[in-house]
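Trainee: I have a structure to read and I am not sure how to start. Can we go through it feature by feature?

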Amino acid sequence: SHRPLPSSSPDALPARVDHLVVGAGFAGLGAAIKLDEAGERDFLVVEKADSVGGTWRANTYPGAACDVPSQLYSFSFARNPDWSRSFSAQPEIEAYLQRVARESGVLDRFAFGTALEDAHWDDDAQHWEVRTSRGTVLARTLISGSGGLSEPKLPDIEGLETLQGELFHSACWDHSIDLKGKRVAVIGTGASAIQIVPSIQPDVAHLDVYQRTAPYVVPRLDRRYSRLERLALKHVPGVQKAYRTGVYLSREMLVPGFTVSPRLAAPSRALAKANIARGIADPELRDKVQPTYEIGCKRILISNTYYPALAADNVDLVTDRITKVTGDAVVTADGVERPIDVLIVATGFHTTEQPIAEHIRGRGGRTLAEVWAERGMASYKGTTTRGFPNLFQIVGANTGLGHSSMVFIIESQIAYVVDALRTMRSRGLAAVEPQRVAQDDWNADMQRRLGRTVWNTGGCSSWYLDDHGNNTTLWPRATFTFRRLLSRFDVEAYDVEPARSQPG
Ligand code: N01
């Protein structure tokens, strides 16, 4: 499904641009389009891969599809009247992003196959010096859209490197390997794994699914749109907008309340229970898949096919702890060795220690990773960070969602960044940096709100929490509140610097 765009990337990178954008997923592509629209046309987007799409380019595993309804999962300024079903699959989302990119008129400023190596803020020159795999670029601002779930995390299992069979991560699916007739193991039972398992189960000779923590899985209300519905969505004014608003509001009304009130979670709990009863007949297997923490603590998964796949004759759900991997088998704590030809690790991503943080050096030469190591990921409005002037992160600290569309968050942040650039131009500012007190207040409020949510109190460990037990990844309030709080660039919360010398 992976069709590189005919890229018109510049052969040589420009030596200097106003804005350097990192990544060409929803965030980077959206930022490029909105910068262009705002007249900020002197920008360069660097993308390590050969095409747009980000997550939706990388995650091509069998069964990959979005858990957020299609109507909500597109840019508000580039709606897609052509979605074929209520929850889109990866190829359709990737194709959508490619179409938006092609029609945007901004691809001439994308450099594909260009990885960010490091970036440092030059305080005297008031710009970022960005080293990429294809040369150095100076930029007034650095806009990162490198993704919150983009760096695969491999499990720390003894002997993994000794495996003679094939091994790959869910986000780097190796399509050259035919799983037909093979003995396959999947490690993990998160959102990725539960889509992979039912997709490969019919083909493989045998499948072992290694579950460390049983997830909650509720039914997936997915359906193909009827012909009539598709025509209406495409041609009748207002229909698509009504769908979109309906989906948005229903999620917004239900979910944020639910994270602080277990009572409101009762219907979801009942759905999850019924899903097990419907999908699995064997009482022993039913017991094994019962979650042991409060619903919502980890992401609630949706599937109609996961439990029936686990119940199939050629599948074993293994709940004993993995102790090591040998040349051709996975070994568990009970001493059992299960031989395999292919090992698929669906073990998630680096989240609370974003990899890009190690490569961005702010004032005094300190990296974001060093600054965040002390107290965890923390920024102002999830976008700007003390000590890192003119750095704008899209999908930064505490901007993630479990219940609604990240595209909504991304667009809110992009609007904030564009307003920041407008403010900087109109006031002749060369650098902006959030004040310490503004950032600390924002994060104290965030942690106070998060402390009472099921994400923190639900008795699970998840990718939402960092090593200090703080939730530095999720947004705790309604998404429209996020949009309102970022609707204007609040320059009064920033330390600002006029230009020290004319660039030239
Ligand atoms: O990763 P995860 P993911 N030994 O981190 C297990 C989005 N997403 O790629 O729960 C054994 O959720 C780990 O076990 P435990 C979505 O936001 C969306 O599935 O930590 N097991 C867990 O079961 C999602 O939340 C969609 O005990 C190990 C699994 O691996 C996020 O991406 C689809 C282990 C990792 O689950 C990440 O999802 C896919 C070890 N050493 C992804 N290490 C949709 O919209 C980890 N595990 C549909």
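Trainee: Leaving aside its neighbours within four places in sequence, which residues is Val-218 in contact with?

Mentor: First, keep in mind that this is a predicted model. To read a contact, look at space and set aside the close sequence neighbours. Val-218 then has contacts with Ser-268, Leu-271, Ala-272, Asn-275, Ile-300 and Ile-302.

Trainee: Where is Val-218 in the secondary structure?

Mentor: Val-218 sits in strand 10, residues 217-218.

Trainee: Is Val-218 buried or exposed?

Mentor: Count the C-beta atoms around a residue. A residue is buried if 20 or more others lie within 10 Å. Val-218 has 20 C-beta neighbours inside 10 Å, so it counts as buried.

Trainee: How many Å separate the C-alpha atoms of Val-218 and Ala-38?

Mentor: The separation is 42 Å, and the two are 180 residues apart along the chain.

Trainee: Now the whole chain. How many helices and strands does it have?

Mentor: The chain has 14 helices and 20 strands.

Trainee: Which radius of gyration would a compact globule with 504 residues have?

Mentor: Such a globule would have a value near 23 Å. The chain has 23 Å, so the two agree. For the extent, use the principal axes: the C-alpha trace spans about 75 × 55 × 45 Å.

Trainee: What share of the residues is buried?

Mentor: Buried residues are 45% of the 504. Contacts tell another part of the story. Take those with a separation of 6 or more: 74% of them join residues 24 or more positions apart.

Trainee: Which residues have the most contacts inside the largest nonpolar core?

Mentor: A core is a set of buried nonpolar residues joined through contacts. The largest one here has 81 residues, and Leu-20, Leu-29, Ala-31, Ala-32 and Val-45 have the most contacts inside it. Helix 11, residues 406-427, gives the most to this core, with ten residues. Apart from this core lies another, of 46 residues. Among its members are Ala-65, Val-218, Ile-295 and Ile-340. So we meet Val-218 again, in that core.

Trainee: What does Ala-31 touch, not counting residues up to four places away in sequence?

Mentor: Ala-31 touches Val-21, Ile-143, Gly-145, Ile-394, Ile-414 and Val-417.

Trainee: Let us follow Val-21. Where does it lie?

Mentor: Val-21 lies in strand 1, residues 16-22. Val-21 has 31 C-beta neighbours inside 10 Å, so it counts as buried. Beyond four places in sequence, its contacts are Gly-28, Ala-31, Ala-32, Phe-43, Val-45, Ile-143 and Gly-145. Pro-91 is 70 residues from Val-21 in sequence, and 25 Å from it, C-alpha to C-alpha.

Trainee: How many residues surround the ligand?

Mentor: Read a ligand site as a shell of residues. Here 25 residues surround the ligand, and the closest are Pro-155, Gly-188, Gly-190, Thr-213 and Gly-348. By class, the shell has 13 nonpolar, eight polar and four charged residues. Helix 4, residues 191-200, gives the most to the shell, with three residues.

Trainee: What does Cys-460 touch, not counting residues up to four places away in sequence?

Mentor: Cys-460 touches Thr-213, Tyr-293, Cys-297 and Lys-298. Thr-213 is one of the closest residues to the ligand. Cys-460 is in the loop between helix 13 (454-457) and helix 14 (479-485). Being in a loop does not settle burial, so count again. Cys-460 has 20 C-beta neighbours inside 10 Å and therefore counts as buried.

Trainee: How far does helix 6 reach from its first C-alpha to its last?

Mentor: Compare the reach of a helix with the expected value. Helix 6, residues 239-258, reaches 29 Å, close to the 28 Å expected at 1.5 Å a residue. Its buried residues are Tyr-243, Arg-244, Val-255, Pro-256 and Phe-258. Helix 5 (227-235) is included in what covers them.

Trainee: Last, backbone angles. What is the phi of Gln-126?

Mentor: Check the sign, then the residue type. Gln-126 has a positive phi of about 55 degrees, although it is not a glycine. Gln-126 lies in the loop between strand 4 (116-122) and strand 5 (127-132). With 19 other C-beta atoms within 10 Å, Gln-126 is partly exposed.

Trainee: And is Asn-398 buried or exposed?

Mentor: Asn-398 is buried, with 24 other C-beta atoms within 10 Å. Its phi is positive, near 50 degrees. Asn-398 lies in the loop between strand 18 (391-393) and helix 11.

Notes
Residues numbered from 1 in each chain as written. Predicted model: local features only at pLDDT ≥ 70, side-chain atom pairs only at ≥ 80, totals over all residues. Helix = DSSP H or I, 4+ residues; strand = E, 2+ residues; numbered from the N terminus. Rg over C-alpha atoms; globule rule 2.2 N^0.38 Å. Buried ≥ 20, exposed ≤ 12 C-beta atoms within 10 Å, placed from the backbone. Contact = placed C-beta atoms within 7 Å. Near = placed C-beta within 6 Å. Nonpolar A, V, L, I, M, F, W, Y, C, P; charged D, E, K, R; others polar. Core = buried A, V, L, I, M, F, W, Y, C linked by C-beta atoms within 7 Å. Expected span 1.5 Å × (residues − 1).
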